Amino acid sequence: MLRLITPPTVEPVTVTELATNLNRFIPTDEQSEYADYDVGFMAALISAAREDAEHYTGRYWAVQTLEKTFRDFDKTLSLTPTLRSISSVNYWDQEDTERAFPTTDYLPAFGNFCGGIEFRDPYAFPSVAQRSDAVNIRFEVGPYHTPATVKQAILLIASHWYENREAANITGGGLEIREVPFAYRWLLDSHRIPVVG
């Protein structure tokens with residue numbers, strides 16, 4: 001199981017970049033409720049667009065902390081291709097007591113399609129409790145540099161959502177379906193992790 005521990009504090013695209021892409025002027029008057037609403041709405045769209053890009057590509061595009069659980073230890077455990085660092089490895093022993101695994105006994109394994117953790121001595125694993133979350137690995141993900149194509153895809157879809165608040169619109173000519181721009185997926189396809197099987 002994978003869960004978010006600490007969400008991103010910085011998005012790959014700023015509200016100013018989105019406003020520029022939309023040819024919009026954001027008022028800087030602190031008394032303006034409209035300015036606060038618009039800025040907050042744009043920030044929410046950027047976060048949603050980034051999450052969608054992460055889901056589509058199988059990679060993380062903002063720095064965040066995750067935790068993944070496993071039933072038991074193994075020589076290598078797969079985490080994510082955009083692995084930055086491993087914060088901790090904890091496990092539940094046979095007495096159902098949570099313990100820390102020594103930091104000197106593992107190292108991060110970086111790879112283009114598979115980032116993970118590699119244990120130095122796979123024959124010295126402690127016995128763990130019979131539970132689905134017996135081993136807990138907390139780690140940081142996110143790129144050191146966001147590719148321009150990913151930033152452009154996030155801008156494209158966030159702009160699309162800003163200008164089209166509904167998936168469909170009833171006009172004088174009938175129902176108009178507003179689909180996701182094809183260029184969005186095209187920009188992300190080169191970053192997508194291939195699915196095998």
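**Exercise 1. Glu54 and its surroundings**

Task: In this predicted model, decide whether Glu54 is buried or exposed, then find what surrounds Glu54.

Solution:
- Start with accessibility. Glu54 has a relative accessibility of 9%. Buried means under 20%, so Glu54 counts as buried.
- Next, place the residue. Glu54 belongs to helix H2, which covers residues 33–57.
- Now list the contacts. Leaving out residues up to four places away in sequence, Glu54 touches Arg59, Tyr60, Trp61, Ala62 and Gln64.
- Finally, look at Trp61 in more detail. A polar atom of the Glu54 side chain lies 3.0 Å from the backbone nitrogen of Trp61.

**Exercise 2. Tyr91 and Phe101**

Task: The structure holds 10 aromatic pairs. Classify the one formed by Tyr91 and Phe101, and say where its two partners sit.

Solution:
- Two numbers are needed here: a pair of aromatic rings is described by the distance of the centres and the angle of the planes.
- For Tyr91 and Phe101 these are 6.4 Å centre to centre and 75° between the planes. Centres within 6.5 Å make a pair, and an angle over 60 degrees counts as edge-to-face, so Tyr91 and Phe101 are an edge-to-face pair.
- On location, Tyr91 is in strand S4 (residues 83–92), while Phe101 is in the loop between strand S5 (98–100) and strand S6 (106–109). The pair links distant parts of the chain, with the partners 10 residues apart.
- Check burial as well. Tyr91 counts as buried at 10% relative accessibility, and Phe101 is buried with a relative accessible area of 9%.

**Exercise 3. Tyr106 and Phe119**

Task: Repeat the analysis for Tyr106 and Phe119, then name the cluster that ring pairs build.

Solution:
- The ring centres of Tyr106 and Phe119 are 6.3 Å apart and the planes stand at 65°, so this pair is edge-to-face.
- Tyr106 comes from strand S6 and Phe119 from strand S7 (residues 116–119), and the pair links distant parts of the chain, 13 residues apart.
- Both burial values are available: Tyr106 is buried with a relative accessible area of 7%, and Phe119 counts as buried at 3% relative accessibility.
- Now assemble the cluster. Ring pairs join Phe73, Tyr91, Phe101, Tyr106, Phe119 and Phe125.

**Exercise 4. Arginines over rings**

Task: Which rings have Arg131 and Arg192 over their faces, and at what distances?

Solution:
- Begin with Arg131, which lies over the face of Trp92, 4.2 Å from the ring centre.
- Then take Arg192: this residue lies over the face of Tyr56, at 4.1 Å from the ring centre.

Note on methods: Residues numbered from 1 in each chain as written. Predicted model: local features only at pLDDT ≥ 70, side-chain atom pairs only at ≥ 80, totals over all residues. Heavy atoms only, no water. Helix = DSSP H or I, 4+ residues; strand = E, 2+ residues; numbered from the N terminus. Buried < 20%, exposed > 50% of the residue type's maximum accessible area, 1.4 Å probe, protein only. Polar contact = N/O pair within 3.5 Å; in protein donor to acceptor, adjacent residues only side chain to side chain. Contact = heavy atoms within 4.5 Å. Phe/Tyr/Trp six-rings, centres within 6.5 Å; stacked < 30°, edge-to-face > 60°. Lys NZ or Arg CZ within 6 Å of the ring centre and 35° of its normal.
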